[in-house]
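Here are my notes on the model you sent. They run from one backbone detail to the whole chain and back to single residues.

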Amino acid sequence: MIVLGIETSCDETAAAIVTDAREIRADVVLSQLDDHTPYGGVVPEIAARAHLEHLDGLIRRAMAESGLGFADIDAVAATGGPGLIGGVIVGVMTAKAIAAARGLPFVAVNHLEGHALTARLTDDVPFPYLLLLVSGGHCQLLVVEGVGQYRRLGTTIDDAVGEAFDKTAKLLGLGYPGGPLLEKAAALATNPGRFDLPRPMVGRPGCDFSFSGLKTAVRRHVEELGTPLSAEDQADLAAAFQTTVAEVMADRCARAMRQFKEMHPQGGALVVAGGVAANKTLRARLQKLADREGMPFVAPPLRLCTDNAAMIAWAGIERLRLGQTDPLDFAPRPRWPLDPSAKPAIGKAGVGSGVKA
């Protein structure tokens with residue numbers, strides 16, 4: 001089985017060709033970083049127009065790199081949500097057009113499920129497993145019991161962790177995108193223990209997250225130091241923030257591990273996925289936790305942590321194996337929770353990121 005995958009949920013336009021033998025024949029991603037950097041974040045209208053302008057060319061490039069033609073493709077999978085609706089519409093309509101023209105099955109993939117199943121593409125991780133899904137828009141702990149079978153154990157009650165990275169980087173004057181720039185600054189810290197930051201939710205019951213208080217604490221330090229910050233202040237604050245986030249994540253994951261083992265005594269792996277999973281400090285802290293708890297730890301290669309179409313193609317393959325396809329009147333979804341039965345997370349603004357999914 002050979003599947004064309006299309007990803008257009010946010011600010012990366014991507015196309016990939018993947019086989020059911022876990023072979024990535026082509027994986028092409030076009031970043032829109034230069035388009036959005038002047039605005040300090042993603043502008044939905046600019047993102048949608050960029051997807052429309054570049055997607056056809058990326059698909060042609062992926063086909064050329066794979067050495068295959070449309071006659072060799074068995075199905076088309078595209079992100080159907082959640083995401084910026086303009087971009088999602090571009091990808092879905094392109095996939096539908098190809099499927100209709102070639103008489104191929106169409107699969108609308110939940111973007112979050114693409115991240116959730118990446119570890120099965122890269123490491124053939126068996127079900128069940130515990131997933132920490134961390135990105136710019138999402139921060140959740142889920143039990144993955146099968147394709148389309150998710151139980152949410154915890155979510156953020158305010159900011160997603162990737163959002164917290166971006167906002168903190170902006171406070172420090174590091175620029176956009178925040179995650180990579182903050183990690184780079186933290187590596188230059190000469191006194192990483194200089195600032196004592198709060199560890200929100202650590203030690204509390206449950207598996208939920210909170211990052212707004214941590215972000216506020218950073219802002220107070222910035223105000224006390226005065227702007228612009230020196231390179232030394234930027235590095236030390238970045239290191240403190242990054243270490244604190246990793247410790248919060250480890251605490252929440254440790255609690256989720258106990259729940260997971262009660263649900264599935266036979267065990268399973270701890271998997272981290274999503275854009276923030278590329279952070280090396282977080283990966284190292286989770287590896288240490290998994291070793292302590294006697295669970296395998298799986299983190300996809302860095303290039304497959306951020307948004308890509310290979311994960312969408314693979315999620316499509318997983319669904320096709322179960323005989324699942326979607327009609328050509330599928331409606332793109334700005335929100336699409338992995339666990340629809342989970343209660344909404346009520347946060348500072350009335351609706352937390354648990355609902356955004």
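1. In which loop is the place of Met201? Met201 sits in the loop between α6 and α7. The model is a predicted one, so please read every value below as computed from it. Phi of Met201 is near 75°, a positive value in a residue that is not glycine. Its side is not open to solvent by the numbers: Met201 has a relative accessible area of 13%, under the 20% cut-off, and is therefore buried.

2. Arg22 makes a useful partner to Met201. Phi of Arg22 is near 65°, again positive in a residue other than glycine. Arg22 is found in the loop between β2 (12–19) and β3 (24–31). Arg22 has 28% relative accessibility and counts as partly exposed, whereas Met201 is buried. These two are worth listing because most residues other than glycine have a negative phi.

3. Now the whole chain. The chain holds 11 helices and 10 strands. The radius of gyration is 20 Å, close to the 21 Å that the globule rule gives for 357 residues, so the chain is as compact as a globular protein of that length. Its C-alpha atoms fill a box of roughly 60 × 50 × 35 Å along the principal axes.

4. Burial and surface come next. Of the 357 residues, 56% count as buried. The chain exposes about 14,500 Å², and carbon and sulfur atoms supply 53% of that area. Among contacts with a separation of 6 or more, 73% come from residues 24 or more positions apart.

5. On charge, the chain has 36 positive and 40 negative charges. The mean positions of the two sets are 5 Å apart.

6. How is the chain divided into domains? Domain 1 takes in 2–117 + 303–322, and domain 2 covers 127–302. Domain 1 is thus written as two segments. The domain centres are separated by 27 Å, taken over C-alpha atoms. Across the boundary, 20 residues of domain 1 are in contact with 20 residues of domain 2.

7. Pro301 is in the loop between β10 (297–298) and α10 (310–321). Pro301 has a relative accessible area of 38% and is partly exposed. The C-alpha atoms of Pro301 and Asp251 are separated by 24 Å, with their positions 50 residues apart along the chain.

8. Look next at helix α5, residues 161–171. Its buried residues are Val161, Gly162, Glu163, Ala164, Phe165, Thr168 and Ala169. An α-helix has 3.6 residues a turn, so residues three or four places apart point the same way. Just after α5, Gly173 takes a positive phi of about 75°.

9. Which residues does Phe241 contact beyond its neighbours within four places in sequence? They are Ala164, Phe165, Thr168, Leu182, Leu197, Leu214 and Val218. Ala164, Phe165 and Thr168 are also among the buried residues of α5. Phe241 itself is in helix α8 (residues 231–263). Phe241 is buried, with a relative accessible area of 0%. Glu183 is 58 residues from Phe241 along the chain, and their C-alpha atoms are separated by 9.7 Å.

10. Two proline bonds deserve a check in the viewer. The peptide bond from Tyr176 to Pro177 is cis, with omega near 0°. Pro177 is in the loop between α5 and α6 (178–186). A cis peptide bond also joins Thr227 and Pro228, with omega about 0°. Pro228 is in the loop between α7 (212–225) and α8. I flag both because most peptide bonds are trans.

11. Last, is Val107 buried or exposed? Val107 has 0% relative accessibility and counts as buried. Val107 lies in strand β5 (residues 106–110). Leaving aside neighbours within four places in sequence, its contacts include Val76, Ala77 and Ala78. Gly316, Arg319, Leu320, Gln324, Thr325 and Asp326 are also in contact with Val107. Lys96 is 11 residues from Val107 in sequence and 9.0 Å away in space, C-alpha to C-alpha.

Terms used
Residues numbered from 1 in each chain as written. Predicted model: local features only at pLDDT ≥ 70, side-chain atom pairs only at ≥ 80, totals over all residues. Heavy atoms only, no water. Helix = DSSP H or I, 4+ residues; strand = E, 2+ residues; numbered from the N terminus. Rg over C-alpha atoms; globule rule 2.2 N^0.38 Å. Buried < 20%, exposed > 50% of the residue type's maximum accessible area, 1.4 Å probe, protein only. Contact = heavy atoms within 4.5 Å. Areas by Shrake-Rupley, 256 points an atom, 1.4 Å probe, with all protein chains shown as cover. Lys, Arg positive; Asp, Glu negative; His and termini not counted. Charge placed at Lys NZ, Arg CZ, Asp CG, Glu CD. Domains from an automatic or database assignment.
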